[in-house]
Amino acid sequence: MELEPASEGSPLLVPRQKYCESIHQTRRRKTRTVMVGNVALGSDHPIRIQTMTTSDTKDVAKTVEEVMRIADKGADFVRITVQGKKEADACFEIKNTLVQKNYNIPLVADIHFAPPVALRVAECFDKIRVNPGNFADRRAQFEKLEYTEDDYEKELEHIEKVFSPLVEKCKKYGRAMRIGTNHGSLSDRIMSYYGDSPRGMVESALEFARICRNLDFHNFVFSMKASNPVVMVQAYRLLVAEMYNLGWDYPLHLGVTEAGEGEDGRMKSAIGIGTLLMDGLGDTIRVSLTEPPEEEIDPCRRLANLGTQAANLQIGVAPFEEKHRRYFDFQRRSGQLPLQKEGEAVDYRGVLHRDGSVLMSVSLDQLKAPELLYRSLAAKLVVGMPFKDLATVDSILLRELPPVEDAEAVSFIHFFALLM
């Protein structure tokens with residue numbers, strides 16, 4: 001599969017080959033069903049929402065309490081990090097305690113650098129997440145390595161030797177698996193061969209997927225996460241293009257890593273996850289925020305609902321060629337505004353800016369409530385004093401002037417002139 005600019009001059013790359021059902025309508029990509037515990041995941045089922053605990057996994061009581069809060073908020077899955085043997089042992093107690101409290105939400109083990117730990121926790125958790133960048137390869141040293149074809153094949157044989165026992169165990173216990181690549185943790189081997197790129201992310205995951213398929217294990221999903229939504233979108237699209245080419249139909253877990261908090265974190269996730277949902281891609285999502293995990297559920301649900309609605313209605317546009325906007329340059333548009341007519345009382349040439357500045361009409365009544373007016377002008381208020389912000393109106397238009405004796409209104413006009 002090859003990447004090309006989305007349009008002439010665009011820095012955004014898309015696969016040349018098919019990467020979604022339609023680029024003009026939201027049509028959900030058809031996938032197989034993967035069972036995660038008692039919850040079905042795939043295109044024949046709702047978009048599943050999930051989050052991850054932040055407590056110390058060895059603190060069983062705290063982790064159980066966190067999982068219950070998440071489940072009560074309506075999550076479909078909960079992921080728990082499992083760093084070592086002590087955490088793996090605690091997982092059995094966590095699972096048993098939750099079952100005793102009538103919480104049967106599927107639990108996902110997050111594994112890095114520790115194949116023996118994955119084997120242990122596969123006996124009690126419903127799904128295992130492995131990171132191809134560090135499951136079998138050594139921790140990245142960010143070194144440029146030179147590989148012959150024979151060297152590379154030996155590395156693949158090593159991966160198969162380390163990874164195969166986990167695949168066999170997941171088959172034995174009926175567990176699911178996520179092959180989850182992270183842009184920030186690609187191995188030196190992958191980066192030396194493919195570069196620190198969406199292509200490297202995809203190839204890293206496909207190596208593990210081929211081992212699963214060779215062992216006749218198909219109960220797995222993919223993810224291609226990055227903290228940069230553009231890289232994340234490119235990697236997922238490239239992966240799906242590869243799956244179309246290979247005839248594979250595995251579901252996708254969507255997410256932007258380290259999205260942040262508040263509006264910034266939500267917007268960053270919405271850009272990446274929302275773009276792919278509009279492509280008809282994605283079967284489970286996580287909005288990764290630096291907030292309590294239960295706070296991730298609402299934005300997850302909102303995005304899942306938007307994606308579901310778009311697919312059900314097949315929202316889209318008729319095919320067209322963009323001729324008027326260079327939307328990848330993020331430059332202000334110029335417009336043809338009305339010409340000044342002879343005899344008009346107001347000289348619009350001085351207030352209607354051709355560069356796209358914003359004009360707002362203000363009435364005399366509005367001048368009587370300065371604080372409300374400042375808010376409507378999108379001025380930033382600090383201790384009642386207005387300051388110009390990015391979204392603040394550039395000019396105001398008064399269709400009639402206030403009486404000279406209205407000192408408050410006249411004062412506002414002078415103040416606004418200074419503010420601008």
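Me: Why are Cys170 and Cys212 not called a disulfide?
Reply: In this predicted model, the sulfur of Cys170 lies 8.1 Å from the closest cysteine sulfur, that of Cys212. A disulfide requires two cysteine sulfur atoms within 2.5 Å, so a separation of 8.1 Å is too far for a bond. Seen from Cys212, the closest cysteine sulfur is that of Cys170, and the conclusion is again that 8.1 Å is too far. By this rule the count comes to 0 disulfides.

Me: What makes Cys170 and Cys212 buried or exposed?
Reply: The term buried applies under 20% relative accessible area. Cys170 has a value of 1% and is therefore buried. Cys212 has a value of 0% and is therefore buried as well.

Me: Why are helix 4 and helix 6 called oblique?
Reply: The axes of helix 4 (residues 149-173) and helix 6 (residues 198-214) cross at roughly 55° and come within 10 Å. Angles under 35 degrees count as roughly parallel, and those from 65 to 115 as roughly perpendicular. The angle of roughly 55° fits neither class, and the two helices are therefore oblique to each other. Their crossing is right-handed. On the side of helix 4, the contact is made by Tyr152, Leu156, Ile159, Glu160, Phe163, Ser164 and Val167. Helix 6 contributes Glu207, Phe208, Ile211 and Cys212.

Me: How do you know that Ser164 of helix 4 counts as buried?
Reply: Its relative accessibility is 14%, and buried means under 20%; Ser164 therefore counts as buried. Leaving aside neighbours within four places in sequence, Ser164 is in contact with Ile159, Ile211 and Leu215. The C-alpha atoms of Ser164 and Ile211 are 7.1 Å apart in space, although 47 residues separate the two in sequence.

Me: What makes Pro198 a buried residue?
Reply: Pro198 belongs to helix 6. Its relative accessible area is 11%, and the limit for buried is under 20%, so Pro198 is buried. Beyond neighbours within four places in sequence, Pro198 is in contact with Val231, Gln234, Ala235 and Leu238. The C-alpha atoms of Pro198 and Met232 are separated by 7.6 Å, with their positions 34 residues apart along the chain.

Me: Why are helix 7 and helix 8 described as roughly parallel?
Reply: The axes of helix 7 (residues 229-246) and helix 8 (residues 262-278) cross at roughly 20°. Angles under 35 degrees count as roughly parallel, and helix 7 and helix 8 are therefore given that description. The axes come within 9 Å, and helix 7 passes helix 8 in a right-handed crossing. The contact is made by Pro229, Met232, Val233, Tyr236 and Arg237 of helix 7. From helix 8, the participants are Lys268, Ile271, Gly272, Ile273, Thr275 and Leu276.

Me: How do you know that the span of helix 2 agrees with expectation?
Reply: Helix 2 (residues 85-100) has 16 residues, which at 1.5 Å a residue should span 22 Å. The end C-alpha atoms are 23 Å apart, which agrees. Its buried residues are Glu87, Ala88, Ala90, Cys91, Ile94, Lys95, Thr97 and Leu98. These pack against helix 1 (60-72), strand 6 (77-81), strand 7 (107-111) and helix 3 (115-121). Helix 2 is followed by Asn102, whose phi is positive, near 65°.

Me: How does the reach of helix 1 compare with the expected span, and what covers its buried residues?
Reply: Helix 1 has 13 residues and reaches 18 Å from first to last C-alpha, close to the 18 Å expected. Val60, Thr63, Val64, Glu66, Val67, Met68 and Ile70 are its buried residues. Their cover includes strand 5 (48-52), strand 6, helix 2, strand 7 and helix 9 (297-313). Just after helix 1, Gly74 takes a positive phi of about 105°.

Me: Why are Gln314 and Ala378 called partly exposed?
Reply: Partly exposed lies between the buried limit of under 20% and the exposed limit of over 50%. Gln314, at 37% relative accessibility, therefore counts as partly exposed. Ala378, with a relative accessible area of 31%, is therefore partly exposed too. Gln314 is found in the loop between helix 9 and strand 13 (359-362), and Ala378 in the loop between helix 10 (370-376) and strand 14 (380-382).

Me: What is the phi of Gln314, and what is that of Ala378?
Reply: Gln314 is a residue other than glycine with a positive phi near 50°. Ala378 is not a glycine either, and its phi is positive at about 65°.

Definitions and conventions:
Residues are numbered from 1 along each chain as its sequence is written. This is a predicted model: local features need pLDDT of at least 70, side-chain atom pairs count only at pLDDT 80 or more; totals for chains, interfaces and linings use all residues. Side-chain values use heavy atoms; hydrogens and water are left out. Buried means under 20% relative accessible area, exposed over 50%, partly exposed in between (1.4 Å probe, protein chains only). Helices (H or I, at least four residues) and strands (E, at least two) are DSSP runs, numbered from the N terminus. The expected span of a helix is 1.5 Å times one less than its number of residues. Contact means heavy atoms within 4.5 Å. Axes are lines fitted to C-alpha atoms, for helices over the stretch in contact, and angles run from 0 to 180 degrees between N-to-C directions. Angles under 35 degrees count as roughly parallel, over 145 as roughly antiparallel, 65 to 115 as roughly perpendicular and the rest as oblique. A crossing is left-handed if the near helix is turned anticlockwise from the far one by less than a right angle, and right-handed if clockwise.
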